[in-house]
Amino acid sequence: MNAGAVIVAAGASTRMGSAGDKTLAGIGGEPLIARTVDVFERSDAVAAIALVVSERNLAAVAALREANGWRKTLPPLTGGKRRQDSVRAGLDALPPECEWVLVHDGARPFVTSRMIEDGLAAASATGAAIAVVPAFDTVKRVGEGGRVVETLDRSELAMVQTPQVFRRDVLERAHAEVSEDVTDDAAMVERLGVGVRTFDGARSNIKVTTPEDLLIAAAILGRTPTC
């Protein structure tokens with residue numbers, strides 16, 4: 001498979017509060033985004049990487065690209081208003097020979113080569129696959145006024161992560177035909193009627209969203225976070 005990756009790190013980091021911008025937050029002595037990109041740079045399955053960031057981080061990430069000698073990563077792009085707009089920008093930037101696309105959150109620095117390879121293998125069946133972990137906690141649907149409406153069967157539920165993997169033509173069609181807001185690319189593909197397979201993510205494959213997540217990330221590494 002000739003695969004490209006779209007790494008999305010264009011969010012506003014509003015939930016980080018005084019901890020600052022998560023994209024450049026230090027984890028284990030290097031910026032979070034660098035740890036994420038390095039995994040895709042090292043993967044033999046990935047031929048090109050489109051890195052989409054916020055405008056305020058564009059110069060800093062471009063400098064990181066040069067300093068780290070990232071040979072697969074294209075010059076960073078500025079993201080759009082919505083996550084799906086940022087993904088579309090990265091998708092359009094990938095070389096035409098990339099027939100498969102891995103979409104990954106820049107704020108998930110503990111992705112592994114195994115997940116990349118498993119995702120591509122799973123997606124080969126239908127053209128789409130997503131990383132998941134089981135829902136271990138009890139999940140309840142809550143209605144108006146905080147009233148519990150029902151308890152869901154957690155054996156049928158999964159928590160979705162990235163990478164999400166798609167045949168390029170499937171993802172391009174989804175972005176062309178689905179304009180309403182979605183929380184992930186798989187939701188767009190599902191609306192096309194394309195079957196989405198799953199593969200194993202990992203509990204450690206956390207998305208850094210809050211200052212507490214930086215502490216968890218540091219614990220995974222056995223280091224202290226810096227901002």
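**A cis proline, two cores and a well-enclosed helix**

Pro163 lies in strand β10. In this predicted model, the peptide bond that joins Thr162 to Pro163 is cis, with omega at about 15°. The strand that carries Pro163 also takes part in a pocket, and that pocket is a convenient place to begin.

The second largest pocket has a volume of about 320 Å³. It is lined by 15 residues, and those closest to its centre are Val133, Pro134, Met159, Gln161 and Arg203. Two elements, β7 (residues 128-134) and β10 (residues 158-167), each give two or more residues to the lining. The largest share comes from β10, which supplies three residues. By residue class, the lining divides into nine nonpolar, four charged and two polar residues.

Turning to the chain as a whole, the secondary structure comes to seven helices and 11 strands. The radius of gyration is 17 Å, close to the 17 Å that the globule rule gives for 227 residues, so the chain is as compact as a globular protein of that length. Along its principal axes, the C-alpha trace spans about 50 × 40 × 30 Å. Buried residues account for 48% of the 227 residues. Among contacts between residues at least 6 apart in sequence, 73% join residues at least 24 apart.

The interior comes next. In soluble globular proteins, nonpolar side chains tend to be buried together. Here, the largest nonpolar core holds 29 residues, of which Phe40, Leu51 and Leu102 touch the most other members. At least two residues of this core come from each of β1 (3-9), α1 (32-42), β4 (46-53), α2 (58-68), β6 (100-105), α4 (113-123) and β7. A second, separate core has 26 residues, including Ala50, Phe166, Ala174 and Leu192. Strand β7 thus appears twice in this account, supplying residues to the largest core and to the lining of the second largest pocket.

Leu51 shows how one member of the largest core is surrounded. Setting aside residues up to four places away in sequence, Leu51 touches Ile7, Ile33, Val37, Val61, Trp70, Thr73, Pro76 and Leu77. Two of these partners, Ile33 and Val37, are among the buried residues of α1.

Helix α1 deserves a closer look. Of its 11 residues, 10 are buried, so the helix is largely enclosed by the rest of the structure. The buried residues are Leu32, Ile33, Ala34, Arg35, Thr36, Val37, Asp38, Val39, Phe40 and Glu41. This list mixes nonpolar side chains such as Leu32 and Phe40 with charged ones such as Arg35, Asp38 and Glu41.

Two residues of α1 illustrate its surroundings. Thr36, placed in this helix, counts as buried at 0% relative accessibility. Beyond its neighbours within four places in sequence, Thr36 touches Ile7, His104, Asp105, Gly106, Arg108 and Pro109. Ile7 is therefore a partner shared by Thr36 and Leu51, because heavy atoms of each lie within 4.5 Å of it. Glu41, also found in α1, is buried with a relative accessible area of 10%. Its contacts, leaving aside neighbours within four places in sequence, are Ile49, Trp70, Arg71, Lys72 and Thr73. Trp70 and Thr73 also appear among the residues that Leu51 touches. Across the structure, the C-alpha atoms of Glu41 and Val196, 155 residues apart along the chain, are separated by 26 Å.

Two further residues complete the picture around this helix. Glu30 is placed in strand β3 (residues 30-31) and is partly exposed, with a relative accessible area of 23%. Apart from neighbours within four places in sequence, Glu30 is in contact with Ala25, Arg35 and Asp38; Arg35 and Asp38 are both buried residues of α1. The C-alpha atoms of Glu30 and Gly146 are 42 Å apart, with their positions 116 residues apart along the chain. Thr23, in the loop between β1 and β2 (26-27), is buried, with a relative accessible area of 6%. Outside its neighbours within four places in sequence, Thr23 is in contact with Ala9, Pro31, Leu32, Ile33 and Asn57. Of these partners, Leu32 and Ile33 belong to the buried set of α1.

Note on methods. Residues are numbered from 1 along each chain as its sequence is written. This is a predicted model: local features need pLDDT of at least 70, side-chain atom pairs count only at pLDDT 80 or more; totals for chains, interfaces and linings use all residues. Side-chain values use heavy atoms; hydrogens and water are left out. On a 1 Å grid over the protein atoms alone, a cavity is a set of points where a 1.4 Å probe fits but cannot get out, and a pocket is an open set with protein on both sides within 12 Å along at least five of seven lines; lining residues have an atom within 4 Å of a point. Grid points are joined across faces, edges and corners, and a volume is the space filled by probe spheres set on the points. Helices (H or I, at least four residues) and strands (E, at least two) are DSSP runs, numbered from the N terminus. A nonpolar core is a set of buried Ala, Val, Leu, Ile, Met, Phe, Trp, Tyr and Cys residues joined through side-chain atoms within 4.5 Å. Buried means under 20% relative accessible area, exposed over 50%, partly exposed in between (1.4 Å probe, protein chains only). The radius of gyration is taken over C-alpha atoms; the globule rule is 2.2 Å times the number of residues to the power 0.38.
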